[in-house]
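Here is a short walk through a protein model, written to be read alongside the sequence and the coordinates. Please keep both in view as you go.

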Amino acid sequence: MPHLEFYEVDVPIHTNDWALHGVHVFTGKAASVTEALTRAHQVYDAATAARQAGREAPGQQDGGWGARGVRDGWELDWAAAKAGRWSNPNDWTRKKPYEL
């Protein structure tokens, strides 16, 4: 079984009129960047399908992947998505930008 690590997938989002934009962030366990992108896309597709069918979005799936906050009118730019190992910003071992 491959070694799984937590990954973060950042997908640019915009509205139909491009007035609003941002990033939708997915996190979960994967063995590679490619798998992380695939899993993020899968949970987004499942959440979108559930929403369109009038059902509640599926909860957290295998590996901790899930999609919350899916909204009508937002378009995700999967071609511009970026993935990498997740780095906890609150981890005490991270170097701080300044010292007191």
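The report below goes from the overall fold to the helix, the core and the contacts of the last strand.

## Overall fold

Please bear in mind that this is a predicted model. The protein contains one helix and four strands, and read from the N terminus the order of elements is β-β-α-β-β.

The chain has 100 residues, and 24% of them count as buried. If you look at contacts between residues at least 6 apart in sequence, 61% of them join residues at least 24 apart. The accessible surface amounts to about 7300 Å², with 51% of that area belonging to carbon and sulfur atoms.

## The helix and its two faces

Helix α1 covers residues 33-52. With 20 residues at 1.5 Å a residue, α1 should span 28 Å, and the 29 Å between its end C-alpha atoms agrees with that. The buried residues of α1 are A36, R39, A40, V43, Y44, A47, T48 and A50. These residues lie on the same side of α1, because the arc they cover around the axis is only 165°.

What lies over this buried side? The cover includes β1 (5-15), β2 (21-30) and β3 (74-76). Turn the helix around and you will find the exposed residues T34 and Q52 on the face pointing away from the buried side. After α1 comes G54, which has a positive phi near 80°.

## The nonpolar core

The largest nonpolar core has 17 residues, and those touching the most other members are V9, V11, F26, W65, L76 and W78. Two or more residues of this core come from each of β1, β2 and α1. Helix α1 provides the largest share, with five residues.

F26 is a good place to look in more detail. Beyond its neighbours within four places in sequence, F26 contacts Y7, E8, V9 and V11, and also A40, V43 and Y44. The list for F26 continues with W65, G66, A67, L76 and W78. Of these partners, A40, V43 and Y44 are among the buried residues of α1, while V9, V11, W65, L76 and W78 are named with F26 as core residues that touch the most other members.

## A salt bridge between β1 and β4

How many salt bridges does the model hold? The count comes to one. R85 pairs with E5, and their closest N and O atoms are 3.2 Å apart. Since R85 belongs to strand β4 (residues 82-85) and E5 to strand β1, the pair ties together parts that are 80 residues apart in sequence.

Are the two partners buried or exposed? R85 is exposed, its relative accessible area being 58%. E5 counts as partly exposed, at 27% relative accessibility.

## W86, after the last strand

W86 sits in the segment that follows β4. Its relative accessible area is 38%, so W86 is partly exposed.

Which residues does W86 touch, apart from its neighbours within four places in sequence? They are F6, Y7, E8 and T27. Two of these, Y7 and E8, also appear among the contacts of F26. W86 and G28 are 58 residues apart in sequence, yet their C-alpha atoms are 8.6 Å apart in space.

Terms used
Residues numbered from 1 in each chain as written. Predicted model: local features only at pLDDT ≥ 70, side-chain atom pairs only at ≥ 80, totals over all residues. Heavy atoms only, no water. Buried < 20%, exposed > 50% of the residue type's maximum accessible area, 1.4 Å probe, protein only. Contact = heavy atoms within 4.5 Å. Areas by Shrake-Rupley, 256 points an atom, 1.4 Å probe, with all protein chains shown as cover. Expected span 1.5 Å × (residues − 1). Arc of directions from axis to C-beta. Core = buried A, V, L, I, M, F, W, Y, C linked by side-chain atoms within 4.5 Å. Salt bridge = Lys/Arg side-chain N within 4 Å of Asp/Glu carboxyl O.
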